[in-house]
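Visitor: I have a model open on my screen and would like to go through it step by step. Where should we begin?

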Amino acid sequence: MTEPTRLFHNPRCSKSRQTLELLTARGIEPEIIRYLETPPTEQELAHILDALGYEPRELMRTKEKEYKDLGLDNPDLNRDQLIAAMTANPKLIERPIVLANGKVAVGRPPENVLSIL
């Protein structure tokens, strides 16, 4: 049995809504995770980063006020510290993120997710 397609979603984000529309238009009803209310665990986020081949800052919204306020631009912060900051402040996590077929894609642009379906 395959894992359900999961969407880390923010309904206020146009890219996130477009990604959801793209999935449903293809007959995929993803498990929707409103990550601002239910953020990924540090382990889930580490898995997502590994699957993407990203370092934490590549999946961070570095223009958010919290990024500067929390000193996350400090180059001395390690991967675990950055992941912890992202899970504690999920607004910093880039969205949307789709997990499907054992792969992960960021829907920026939304069509990026087609490669993992």
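Guide: We begin with a term: a crossing of two helices is left-handed if the near helix is turned anticlockwise from the far one by less than a right angle, and right-handed if clockwise. Keep in mind that this is a predicted model.

Visitor: In which hand does H2 pass H4?

Guide: Two packed helices are described by the angle between their axes and the distance between the axes. For H2 and H4 the angle is about 115° and the axes are 9 Å apart. By the definition just given, the crossing of H2 past H4 is right-handed.

Visitor: Which residues of H4 are met by H2?

Guide: The buried residues of H4 pack against H2; the buried ones are Leu-82, Ile-83, Ala-85, Met-86 and Thr-87. On the H2 side, the residues taking part are Glu-42, Leu-45, Ala-46, Leu-49 and Asp-50. In H4 they meet Arg-79, Ile-83, Ala-84, Met-86 and Thr-87.

Visitor: At the start of H4, which backbone nitrogen does a side-chain oxygen of Asn-78 reach?

Guide: The two atoms are within 3.0 Å of each other. A polar contact is counted up to 3.5 Å, so this pair falls inside the cut-off. The nitrogen belongs to Asp-80.

Visitor: In what order do the four strands form their open sheet?

Guide: Strands of a sheet pair through backbone hydrogen bonds, either parallel or antiparallel. Here S1 and S2 run parallel, joined by four bridges, whereas S3 and S4 pair in the antiparallel sense, also over four bridges. The pairing in the sheet is therefore mixed, and the order is S2-S1-S3-S4.

Visitor: Which strands are at the edges?

Guide: An edge strand pairs on one side only. In this sheet, the strands that do so are S2 and S4.

Visitor: What angle does the direction of H1 make with that of S1?

Guide: Helix H1, residues 14-25, packs on the sheet and touches S1, S2 and S3. H2 lies across S1, S3 and S4, and runs at about 85° to S4. For H1 and S1, the angle is about 160°.

Visitor: Which residues does Ile-48 contact, leaving aside its neighbours within four places in sequence?

Guide: In soluble globular proteins, nonpolar side chains tend to be buried together. The largest nonpolar core here has 21 residues, and Ile-48 is among those that touch the most other members. Helix H2, helix H4, strand S3 and strand S4 each supply at least two residues of this core. The contacts of Ile-48 are Phe-8, Leu-59, Ile-97, Leu-99 and Val-104.

Visitor: Is Asn-101 buried or exposed?

Guide: S3 and S4 form a hairpin with two residues between them, and Asn-101 is in the turn. Its phi is near 55°, a positive value in a residue other than glycine. The relative accessible area of Asn-101 is 53%, and the cut-off is over 50%, so Asn-101 is exposed.

Visitor: What is omega for the cis peptide bond that joins Arg-108 and Pro-109?

Guide: Another cis peptide bond runs from Arg-95 to Pro-96, with omega near -10°. Pro-96 is in the loop between H4 and S3, while Pro-109 is in the segment after S4. For the bond from Arg-108 to Pro-109, omega is about 0°.

Definitions and conventions. Residues are numbered from 1 along each chain as its sequence is written. This is a predicted model: local features need pLDDT of at least 70, side-chain atom pairs count only at pLDDT 80 or more; totals for chains, interfaces and linings use all residues. Side-chain values use heavy atoms; hydrogens and water are left out. A nonpolar core is a set of buried Ala, Val, Leu, Ile, Met, Phe, Trp, Tyr and Cys residues joined through side-chain atoms within 4.5 Å. Buried means under 20% relative accessible area, exposed over 50%, partly exposed in between (1.4 Å probe, protein chains only). Contact means heavy atoms within 4.5 Å. Two strands pair if DSSP finds at least two bridges between them. A polar contact is a pair of N or O atoms within 3.5 Å; within protein, one must be able to donate a hydrogen and the other to accept it, and residues adjacent in sequence count only if both atoms are side-chain atoms. Axes are lines fitted to C-alpha atoms, for helices over the stretch in contact, and angles run from 0 to 180 degrees between N-to-C directions.
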